[in-house]
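Reader: I should be grateful for a close examination of one part of this model. Please set out how a single helix is placed and what surrounds it.

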Amino acid sequence: MRIRIAVDAMGGDYAPHNVIVGALDALRDTGNRFELILVGNEQRIRQEIHRIGQNDLAYTVVDAPETIEMAETPTAALKAKKNSSIAVGVQLQKEGKANAFVSAGNTGAVMSASTLILGRIPGVARPTIGAFFPSEGGACLLLDAGANVDCSPRHLLQFAAMGTIYTRCMLNYHNPTVGLLSIGEESTKGNERTLKAFRLLSNSKLNFIGNIEGRDILKGRAQVVVCDGFVGNIVLKFGESLLTVLKTRFRNYGRRNFLRRAWISLTYGTINKLLGDFDYQVYGGVPFLGVNGVSIVGHGGSTPKAIKNMILRAEEMVKKNIHKEIEHTIREV
């Protein structure tokens, strides 16, 4: 059976244009390998498709006349806008009409809708958002990246378990290493929550290597980095700013004289490739783990490239049955 992915066509700062361009690119580049369900204001979606001129691809349109804006309060907006593109898109997955849902819209609303409509995987106390970081040893997954500001030690243990499953299935890490983000490597360092989480992780069957510090993330000391969402979101936003800062520094360096500009021109391809690992567009979006389905949320300013990669990531998660793997592992934890 062909995989069907519901796409929030109205989600993001540049919707529906960027979303539809990215969605159609995903279909065209894969030869209609899966089917997309574009959810949102039907008239605006069809106008955009007509403007782009793609009518031979595997998509359908489901009308959702309401849109949850980025600044709206998630839970209140979901209650007030039951016909929003987010609510309708997640409901399609709940009813079995779609296998996954992706959105670059209001992150809180996507998380709330996914939790309330799809429900949590049995045994999961709190679903979590994971974010990828490049490192010296390859990509690593940090979670929680902002879904849960206040976490208990038990939550951190479950985040580690879900992250282990995700990196093993999606990144092909045989036995992913898990590190607990703290203010020192010693087991005695950290606040009360991290000290208790350290003990839980040490007694688990996970490949726990102990505490790691912020500098260890990019060094690749751990393939799964665990922390609460308050710290994780700060780390995520800091990491996203690195690419912009580095590009600006290179540009300013080249402005000073002709020889520097020439050098940058000659090495631009290499520099761009090296910095590419820091580009959020490569990873597309971040997975919402712990819900009974596949839900991915992207950056509000997502480009068509980011949307396309978000959709491809959702397809891969469906194929590898990630949420069922998590359900089995949570039972053991």
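Author: Helix axes are here lines fitted to C-alpha atoms over the stretch in contact, and the angle between two axes runs from 0 to 180 degrees between their N-to-C directions. The model is a predicted one, and the part chosen is helix H1, residues 17-29.

Helix H1 packs with helix H2, which comprises residues 42-52. The angle between them is about 60°, and their axes are 10 Å apart. Angles of 65 to 115 degrees count as roughly perpendicular and those under 35 degrees as roughly parallel; H1 and H2 are therefore oblique to each other. The crossing of the two helices is right-handed. On the side of H1, the contact is formed by His17, Ile20, Val21 and Leu24, and on the side of H2 by Ile45, Glu48, Ile49 and Ile52. Sorted by class, this contact of H1 with H2 comprises 6 nonpolar residues, 1 polar residue and 1 charged residue.

The length of H1 may be considered next. Helix H1 has 13 residues, which at 1.5 Å a residue should span 18 Å; the C-alpha atoms at its ends are 18 Å apart, so the two values agree. After the helix comes Gly31, whose phi is positive, near 65°.

As to its surroundings, H1 is mostly covered, with 10 of its 13 residues buried. These buried residues are Asn18, Val19, Ile20, Val21, Gly22, Ala23, Leu24, Asp25, Ala26 and Leu27. Their packing partners are strand E1 (4-8), strand E2 (35-40), helix H2, strand E3 (59-63) and helix H12 (304-319). Three of the residues named in the contact with H2, namely Ile20, Val21 and Leu24, thus recur among the buried residues of H1.

Helix H12 deserves a further word, for Lys308 lies in it. Residues up to four places away in sequence being left out, Lys308 touches Gly22, Asp25, Ala26 and Asp29. Of these, Gly22, Asp25 and Ala26 are listed among the buried residues of H1. The C-alpha atom of Lys308 is separated by 17 Å from that of Ala131, a residue 177 places apart from Lys308 along the chain.

A separate residue may be added for completeness. Glu327 is found in helix H13, residues 322-332. Its relative accessible area is 13%, and because buried means under 20%, Glu327 counts as buried. Apart from its neighbours within four places in sequence, Glu327 is in contact with Ile121 and Pro122.

Key:
Residues are numbered from 1 along each chain as its sequence is written. This is a predicted model: local features need pLDDT of at least 70, side-chain atom pairs count only at pLDDT 80 or more; totals for chains, interfaces and linings use all residues. Side-chain values use heavy atoms; hydrogens and water are left out. Helices (H or I, at least four residues) and strands (E, at least two) are DSSP runs, numbered from the N terminus. Angles under 35 degrees count as roughly parallel, over 145 as roughly antiparallel, 65 to 115 as roughly perpendicular and the rest as oblique. A crossing is left-handed if the near helix is turned anticlockwise from the far one by less than a right angle, and right-handed if clockwise. Contact means heavy atoms within 4.5 Å. Ala, Val, Leu, Ile, Met, Phe, Trp, Tyr, Cys and Pro count as nonpolar, Asp, Glu, Lys and Arg as charged, and the others, Gly among them, as polar. The expected span of a helix is 1.5 Å times one less than its number of residues. Buried means under 20% relative accessible area, exposed over 50%, partly exposed in between (1.4 Å probe, protein chains only).
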